[in-house]
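This report describes the fold, the interior and the principal pocket of one protein chain. The sequence and coordinates follow.

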Amino acid sequence: MAKDKPYYPHGSIGSLATLAKTLGLPPKLLFDLSEKATDSYTPFNIITKGGKSRDVFEPKYELKRLQKRINSRLFEHVEYPFYLQGGIKDAAKPRDYIENSRIHSGSKFLISLDIRDFYGNIQLESVRSVFKHLFKFPDDVSDILVKLVTREGRVPQGACTSSYVANLIFHNSEYSYVKKLRDKGFSYSRLLDDVTISCNRLIAQEEATEIIKYVSGLFREHGLRLRTNKTKLERSDDITTSYAVTGVWVGHGVPKIRRAERDMIRHSVYICEKECVKDRYSDAYHVLWNKVSGQVAKLTRLNHVQAPALRDRMGAILPLYDSKAVASVRREVEKMLKRPVTHHAKVSVIDAYRQLINKLGILGRTNKPLAKALRRQLKARFAGVPTKAMMWE
């Protein structure tokens with residue numbers, strides 16, 4: 001049975017020695033990594049879809065490996081209520097933007113909220129509370145974990161632990177807000193910093209304003225504020241609004257893509273077919289095909305009737321390698337085969353190996369015997385290479 005609040009079903013880790021054993025590290029190494037955690041990131045900048053600049057921090061290998069273990073050995077053992085939809089590994093009941101939209105499908109009224117600079121404004125005390133009060137770890141264990149999942153007192157975007165922290169900081173209060181909203185006939189979900197509230201009846205502006213003020217109180221408890229210019233109120237009978245949750249139309253009983261977007265995807269497949277006739281070997285065509293294939297995958301995921309036919313059309317125009325690209329792949333294989341066995345466990349080498357296996361899949365579309373022979377050589381040389389999950393464990 002799904003719980004109304006996050007719940008950790010295991011006993012407390014009562015000492016630093018037990019924490020080190022749980023995470024598979026010597027206690028001194030665990031301590032050393034926590035002390036230098038802030039300096040164990042590579043900063044870079046990305047431009048968002050909206051054109052804004054955002055600082056992202058990529059953890060270096062040792063810290064990243066430890067954070068992956070914190071995820072797999074601690075965070076992934078938490079039982080998460082279904083109103084939390086983002087960044088949670090859940091094989092039994094997967095969560096993502098599609099499932100998030102499904103919660104609100106068929107509703108009559110939508111309230112969409114966005115938390116301002118969510119990660120950057122999460123307070124250290126909120127992070128400490130996760131380990132101290134949700135996991136019920138003692139202070140010394142909680143403090144070292146806080147250091148390992150934060151940078152300069154903030155939750156860094158780019159760290160693999162950050163989405164779990166973001167899901168859990170309201171662990172002791174969000175559920176009570178959700179319950180009160182549910183009692184009033186509202187559905188609530190949160191995909192990290194995107195909050196959606198819906199209702200199966202049309203409501204007045206005054207009631208919507210009261211709901212927003214009420215939910216804002218949850219965020220204010222943790223020193224967070226709403227981005228007011230992102231707040232949206234929408235009615236399902238208003239054709240001038242998108243009536244979408246995380247990019248998916250929810251005016252129907254099941255989440256769908258509106259006709260305009262479906263037409264755009266169908267037109268993109270047509271464009272892809274035209275470009276294929278011109279040159280299906282170019283890098284630009286490979287990029288275009290991958291982009292359009294992703295759009296068709298969205299239709300498939302939402303069970304749109306057009307999806308199978310569009311997928312068949314995309315299958316008929318797969319990107320291929322020309323003779324120059326084939327020669328390049330052969331050189332890459334030769335170079336990879338010369339890598340010393342002692343380098344095979346390096347992350348960069350494993351990533352290059354897996355990318356090369358993917359390239360051989362493309363090569364196999366036009367020269368199956370060659371691709372098969374090269375793949376056999378690579379797999380023999382790299383026998384025992386760990387999976388991506390095993391690589392970080």
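Among contacts in the protein chain with a separation of 6 or more, 72% join residues 24 or more positions apart; a contact means heavy atoms within 4.5 Å. The model is predicted, so local features need pLDDT of at least 70 and side-chain atom pairs count only at pLDDT 80 or more, whereas totals for chains, interfaces and linings use all residues. Residues are numbered from 1 along each chain as its sequence is written, and side-chain values use heavy atoms, with hydrogens and water left out.

The secondary structure comprises 17 helices and eight strands, taken as DSSP runs (helices H or I, at least four residues; strands E, at least two) numbered from the N terminus. Chain-level values are tabulated below.

| Property of the protein chain | Value |
|---|---|
| C-alpha box along the principal axes | roughly 65 × 60 × 40 Å |
| Exposed area | about 20,600 Å² |
| Carbon and sulfur share of exposed area | 53% |
| Buried share of the 393 residues | 42% |

Areas come from the Shrake-Rupley method with a 1.4 Å probe, and for residues only the protein chains shown count as cover. Buried denotes under 20% relative accessible area.

In soluble globular proteins, nonpolar side chains tend to be buried together. Here the largest nonpolar core has 66 residues, and Phe 75, Phe 135, Tyr 188 and Phe 219 have the most contacts inside it. Such a core is a set of buried Ala, Val, Leu, Ile, Met, Phe, Trp, Tyr and Cys residues joined through side-chain atoms within 4.5 Å. Beyond its neighbours within four places in sequence, Tyr 188 contacts several residues, including Tyr 83, His 104, Glu 174, Val 195 and Phe 219. A second, separate core of 20 residues includes Val 326, Ile 362, Ala 371 and Val 385.

The largest pocket holds about 1,300 Å³ of space. A pocket is an open set of points on a 1 Å grid over the protein atoms alone, where a 1.4 Å probe fits, with protein on both sides within 12 Å along at least five of seven lines; lining residues have an atom within 4 Å of a point. Of its 34 lining residues, Arg 54, Asp 114, Asp 193, Asp 194 and Lys 230 are the closest to the centre. Strand β2 gives the largest share of the lining, four residues. The lining divides into twelve nonpolar, eight polar and 14 charged residues.

Pro 81 lies in the loop between α3 (61–73) and α4 (97–102), and is buried with a relative accessible area of 1%.

How values were computed. Buried < 20%, exposed > 50% of the residue type's maximum accessible area, 1.4 Å probe, protein only. Points joined across faces, edges and corners; volume = space filled by probe spheres on them. Nonpolar A, V, L, I, M, F, W, Y, C, P; charged D, E, K, R; others polar.
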